[in-house]
Amino acid sequence: MDFVIAVDGTAASGKGTIAGRLAAHYGLPHLDTGLLYRAVGHAVSASGGDLDEEAGAAAVARALDLTKLDDPALQSGEAGEAASRVAAHPQVRAALLKLQQDFARQPGGAVLDGRDIGSVIAPDAPAKLYVDAGLDTRARRRWMQTLAKGDPRTLEEMTEDLRRRDARDSGRSVAPLVRPRDSALLDTTQMSISQAFDEALRIVEQARRSWLKSKG
C-alpha cells in the first residue's frame, strides 16, 4: 500500500477540512466519502423515493455519477440527514465499497475522510486520525456554517440533529462509526482550524516516518 491517510470522525468535527489540507500539503488526491452518501441520499429524495427503502437506495448508489459530487445541494442540511439514513443500509455501503477502496489503492496514495475509512475502507492505512469535538462545539460550528446559507434551524435544533446523526452512525449494523484502535485521537473542541491542522500534520508526519522506516 502507498501512503494512505485515513481520517474518520464525527459530523462537524473538522475532519473534512483537515483531510483537505493534508491532501494539499502532501499533494495527494482527496475523497470526502460522505459526499458519496450525500449524493445517494439527495438523488433518492429528489426522485421522490423513500430514504428508508434499501433496495431503491442501493440501485441509486450503483448508478452514482461521480462527476456530480460538486453539486452545491449536497452541502445542505437535508442532504446530510439523507446521507446518514441511506448510509445505514448494508446494500448501499456494499455498492460504494469498491469505489472507495479503489480510490485508496491508487498509486502514490490518497487521503480519505469519512466514518469507516480506518476501520473498513483502508484498515492498513499507514496514518489514521479520528477527529472529534464536543457536541455543543460541533453544533455551534455547523449552525454558524448553515446560518450564513439561510438555514432556518435554531442552534437547539442543530444540536438535536447532530445527536440523532451520532446515534444513527454509531448504531448501524454495518460499518458503524467507531474509533479504530490504532488511530490517533484529535479532539478539536478547543482548537482553531489552523491549530487542528498543525496537530494533524504532526501526527501524520510521525506516522509517515514510521511507514518509511518500515519500508527500508
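Helices, of at least four residues, and strands, of at least two, are taken here as DSSP runs numbered from the N terminus. The structure described is a predicted model. On this basis, Ala175 is placed in the loop between α8 and β5, the latter formed by residues 184-187. Although Ala175 is not a glycine, its phi is positive, at about 50 degrees. Ala175 counts as buried because its relative accessibility of 12% falls under the 20% limit.

A positive phi is also found at Ala12, again in a residue other than glycine, with a value near 65 degrees. Ala12 belongs to the loop that links β1 (4-9) to α1 (15-26). The relative accessibility of Ala12 is 13%, and the residue therefore counts as buried.

The strand that precedes this loop was examined next. Six of the six residues of β1 are buried, so β1 is largely enclosed by the rest of the structure. In a regular strand, side chains alternate between the two faces of the sheet. For β1, one side carries Val4, Ala6 and Asp8, while the other carries Ile5, Val7 and Gly9; all of these are buried, and both faces of the strand are thus covered.

β1 is paired with two strands. With β3 (residues 110-114), β1 runs parallel and is joined by five bridges. Within this pairing, Ala6 stands opposite Leu112 of β3, and Gly114 of β3 is the bridge partner of Asp8. β1 is likewise parallel to β4 (residues 127-132), to which five bridges join it. Here Ala6 is set opposite Lys128 of β4. Ala6 is therefore placed opposite a residue of β3 and a residue of β4, and is itself among the buried residues of β1.

Strand β3 is mostly covered, with five of its five residues buried. Ala110, Leu112 and Gly114 lie on one side of β3 and Val111 and Asp113 on the other; all are buried, and both faces of the strand are covered. In addition to its pairing with β1, β3 pairs with β2 (residues 30-32) in the parallel sense over three bridges. In that pairing, Asp113 of β3 is the bridge partner of Asp32.

Two helix pairs were then considered. Packed helices are described by the angle between their axes and by the distance between those axes. The axes of α3 (residues 54-62) and α5 (residues 90-104) come within 8 Å and cross at roughly 10 degrees. Because angles under 35 degrees count as roughly parallel, α3 is classed as roughly parallel to α5. Glu54, Ala55, Ala57, Ala58, Ala61 and Arg62 of α3 make the contact with Pro90, Gln91, Val92, Ala95 and Leu96 of α5. By class, the residues of this contact comprise eight nonpolar, one polar and two charged.

In the second pair, the axes of α7 (residues 135-147) and α8 (residues 155-171) come within 9 Å and cross at roughly 120 degrees. This angle makes α7 oblique to α8. The crossing of the two helices is right-handed. On the α7 side, the contact is made by Leu135, Asp136, Arg138, Ala139, Arg140, Arg142, Trp143 and Thr146, and on the α8 side by Leu155, Met158, Thr159, Leu162, Arg163, Arg165 and Asp166. The residues of the contact between α7 and α8 divide into six nonpolar, two polar and seven charged.

Two further positions concern the C-terminal elements β5 and α9. Thr188 is located in the loop between β5 and α9 (193-214). With a relative accessible area of 2%, Thr188 is buried. Apart from residues up to four places away in sequence, Thr188 touches Ser13, Ile18, Val131, Asp132, Ala133, Arg141 and Ala196. Of these contacts, Val131 and Asp132 fall within the range of β4, and Arg141 falls within that of α7.

Gln206 is found in helix α9. Its relative accessibility is 46%, so Gln206 counts as partly exposed. Gln206 and Ala127 are 79 residues apart along the chain, and their C-alpha atoms are separated by 8.7 Å.

Key. Residues are numbered from 1 along each chain as its sequence is written. This is a predicted model: local features need pLDDT of at least 70, side-chain atom pairs count only at pLDDT 80 or more; totals for chains, interfaces and linings use all residues. Side-chain values use heavy atoms; hydrogens and water are left out. Axes are lines fitted to C-alpha atoms, for helices over the stretch in contact, and angles run from 0 to 180 degrees between N-to-C directions. Angles under 35 degrees count as roughly parallel, over 145 as roughly antiparallel, 65 to 115 as roughly perpendicular and the rest as oblique. A crossing is left-handed if the near helix is turned anticlockwise from the far one by less than a right angle, and right-handed if clockwise. Contact means heavy atoms within 4.5 Å. Ala, Val, Leu, Ile, Met, Phe, Trp, Tyr, Cys and Pro count as nonpolar, Asp, Glu, Lys and Arg as charged, and the others, Gly among them, as polar. Buried means under 20% relative accessible area, exposed over 50%, partly exposed in between (1.4 Å probe, protein chains only). Two strands pair if DSSP finds at least two bridges between them.
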